[in-house]
Amino acid sequence: MSATAPSTGPLLVAVSASTGSLWVLASEAEPHVHLGDDATRAWRDASLALSRSLPLVWTSIRERVRELPVARPVAAMARLHHVVERSYVLDGASLGLAFALEQASRVLGLPLPSDLATSARIDAWGAVSAIDELAFKATTIAKQAPFVRRLLVAADQEDGCTEASALGLEVIPVKRVADALDVAFPDLADGLVGVDGIHETRADRVEAFYRLALSERSEMVDWTPVARAAEALLDTWDESLNGSERHLLRFTLAVAHRHQGQRVPLDLPDESWLNAQPSPLRQRHVAQLVQHAADTGSPSPEAARALAGRYVPANPQDRFPEHLEILGALARLDAVTGRPEAALRSQLDLARALLARGRVASTSFQLSEAFRLAGALGDERSYDEALHLLDEAERLGDVDAGGGRVYVDVARGRAEVLLGRLEEADERLTAIGRVVGAPFHVLGAALRWRIAARPAEPSTLRAELDVLGAKARSALSARRLTLLVALDDAARAGDRAAADAALAGLTELEPEPLDQLRRTRDAARWPEAADYVRRFYPY
């Protein structure tokens with residue numbers, strides 16, 4: 001019996017030793033089966049690939065794909081000389097591309113074309129690769145789902161579906177998830193289609209953007225599509241935006257770019273507007289502004305400090321966790337404006353205060369900063385204090401509940417390199433390189449400090465640097481990583497000319513942050529500019 005076109009979601013294909021079967025996603029209320037181990041990994045990799053592949057995003061991917069789906073069979077055919085075998089689990093890495101399109105449909109609020117099917121493996125970076133049994137899978141689709149007219153496959157398997165092609169199935173090769181998105185949602189890339197897909201009013205859409213900007217950095221693996229979507233809305237609506245809407249979209253745009261290591265200036269809001277916001281949102285907004293000042297120099301550190309001072313109670317007993325977020329951002333601002341020792345002490349105290357309030361996951365930022373600064377300052381005692389607080393946090397709860405553990409680990413690894421604990425550092429930083437869900441700048445930082453820890457083994461790690469650089473979503477990110485490694489190399493070799501060249505390259509890429517680091521170095525009276533930048537650069 002042939003399948004009918006699913007009302008929602010993709011058509012899924014799986015094979016066993018005797019049977020080719022077609023499936024659709026189901027509700028828990030229907031008879032269904034669960035995903036097997038390979039399919040579960042494919043679903044999770046799809047969510048990472050999607051963040052790195054979508055041109056536009058205006059809502060949380062993680063929230064919309066958190067729950068694993070279930071499925072039900074809709075058709076099956078036996079291989080020659082076999083009988084149809086019932087399956088009690090849906091499994092296989094070849095479901096990856098279908099899962100990516102299903103997740104994109106959920107996030108964008110757009111339906112998938114009913115005539116489109118896929119059968120290809122993907123990785124967490126969005127690369128599409130070949131699968132086993134493609135010919136039988138394609139034939140199963142062609143014979144059991146006559147409504148399907150197009151099949152997406154890995155680029156190097158275009159010629160592997162001869163029988164299915166003869167039955168009228170158009171085989172379309174793709175190299176990346178982004179290519180598949182272009183086929184499934186052909187008008188998405190222009191930034192216009194899909195903007196009206198989820199929210200009923202413009203105010204709802206702006207609010208969704210704003211709340212995403214106020215969320216944890218780990219909410220998105222890659223914030224580039226958020227920035228692009230904010231730009232699309234600013235361009236599309238332009239003259240019709242009121243002052244509040246324009247400010248919130250520009251705020252989202254700036255925060256998203258900052259999370260990707262890029263600088264977009266950010267103005268202070270009108271305080272009458274800020275005071276009208278609910279208290280938790282108001283405190284988070286101020287914390288983001290201070291963080292922006294620390295990372296980009298805009299708004300000015302002086303203006304950011306003055307604003308923060310008006311929103312943090314003087315009495316510690318009156319401070320809620322959102323106030324502690326502001327204090328944490330202020331400590332980071334101290335670290336880049338000539339007061340790294342004070343910043344280190346503040347972050348340790350804040351981590352302790354958060355643990356006292358039971359906010360274990362929220363300590364990841366403070367612990368990351370404490371490890372980073374302890375390493376940069378060569379402060380063994382503070383490193384050990386941060387390690388003690390991390391142990392206490394792990395005893396009380398899950399440090400990674402908000403996705404922040406990888407930031408703690410990379411900061412701890414770089415501190416171990418700078419403190420000479422090279423064996424511990426290499427093991428920790430190598431492990432981070434295997435975390436497929438880590439953002440590019442975290443993976444880059446881990447590799448950078450691995451290279452610094454193992455200068456006698458350059459060739460293999462330099463090859464890894466080239467591979468990772470090729471995965472960067474922007475040329476700026478890849479170039480920054482290359483220049484930081486060059487700066488480390490020059491500092492280790494005592495080559496002042498090479499160090500100056502690397503600093504000049506970094507300054508050309510990021511003039512304001514590098515100028516701020518130079519000013520901070522002067523305030524801290526650090527002997528060498530190159531040494532200061534390589535130690536205190538955030539990653």
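## Inside helix 3

Which residues of helix 3 are buried? In this predicted model, they are Gly-96, Leu-97, Ala-98, Phe-99, Ala-100, Leu-101, Glu-102, Gln-103, Ala-104, Ser-105, Val-107 and Leu-108. With 12 of its 13 residues buried, helix 3 is largely enclosed by the rest of the structure.

The helix covers residues 96-108 and reaches 18 Å from its first C-alpha to its last, close to the 18 Å expected at 1.5 Å a residue. Just after helix 3 comes Gly-109, whose phi is positive, at about 70 degrees.

## A three-stranded sheet

Let us turn to the strands. There are 3 of them in an open sheet, in the order 1-2-3, with antiparallel pairing. Strand 1 (12-15) and strand 3 (70-78) stand at the edges with a single partner strand each, so one side of each has no neighbour in the sheet. From one strand to the next, the twist averages 30 degrees.

Strand 2, residues 19-26, runs antiparallel to strand 3 and is joined to strand 3 by 8 bridges. Here you can find Leu-25 opposite Ala-71 in strand 3.

## The open pockets

Now for the pockets. The largest pocket holds about 1100 Å³ of space. Its lining counts 42 residues, and Ser-215, Glu-216, Arg-217, Ser-364 and Phe-365 are the closest to the pocket's centre. Two or more lining residues come from each of helix 7 (202-214), helix 9 (243-259), helix 11, helix 13 (321-335), helix 15 (363-377) and helix 17 (405-418). By class, the lining of the largest pocket has 15 nonpolar, 12 polar and 15 charged residues.

The second largest pocket has a volume of about 750 Å³. It is lined by 25 residues, and the closest to its centre are Ser-47, Leu-48, Arg-62, Val-221 and Gly-437. Helix 1 (37-51), helix 2 (61-65) and helix 17 each give two or more residues to this lining. Helix 1 provides the largest share, with 6 residues. The lining of the second largest pocket divides into 13 nonpolar, 5 polar and 7 charged residues. Helix 17 is thus worth a look in both places: it is among the elements giving two or more residues to the lining of the largest pocket, and among those doing so for the second largest pocket.

## The enclosed cavities

How many cavities of 30 Å³ or more does the structure hold? There are 3. The largest cavity contains about 320 Å³ of space. Among the 21 residues of its lining, Asp-295, Glu-510, Pro-513, Tyr-537 and Pro-538 lie nearest the centre. Helix 11 (279-296) and helix 23 (511-524) each supply at least two of the lining residues. The lining of the largest cavity is made up of 8 nonpolar, 5 polar and 8 charged residues.

The second largest cavity has a volume of about 90 Å³. Its lining consists of Phe-440, His-441, Gly-444, Ala-445, Ser-477, Arg-480, Leu-481, Leu-484, Tyr-537 and Tyr-539. Helix 19 (440-453) and helix 21 (475-493) each supply at least two of these residues. By class, there are 6 nonpolar, 3 polar and 1 charged residues in the lining of the second largest cavity. Tyr-537 is a good residue to pick out on screen: it belongs to the lining of the second largest cavity and is one of the residues nearest the centre of the largest cavity.

Definitions and conventions: Residues numbered from 1 in each chain as written. Predicted model: local features only at pLDDT ≥ 70, side-chain atom pairs only at ≥ 80, totals over all residues. Heavy atoms only, no water. 1 Å grid on protein atoms, 1.4 Å probe; cavity = no way out; pocket = protein on both sides within 12 Å on 5 of 7 lines; lining within 4 Å. Points joined across faces, edges and corners; volume = space filled by probe spheres on them. Helix = DSSP H or I, 4+ residues; strand = E, 2+ residues; numbered from the N terminus. Nonpolar A, V, L, I, M, F, W, Y, C, P; charged D, E, K, R; others polar. Pairing = 2+ DSSP bridges. Axes fitted to C-alpha atoms, helices over the stretch in contact; angles between N-to-C directions. Expected span 1.5 Å × (residues − 1). Buried < 20%, exposed > 50% of the residue type's maximum accessible area, 1.4 Å probe, protein only.
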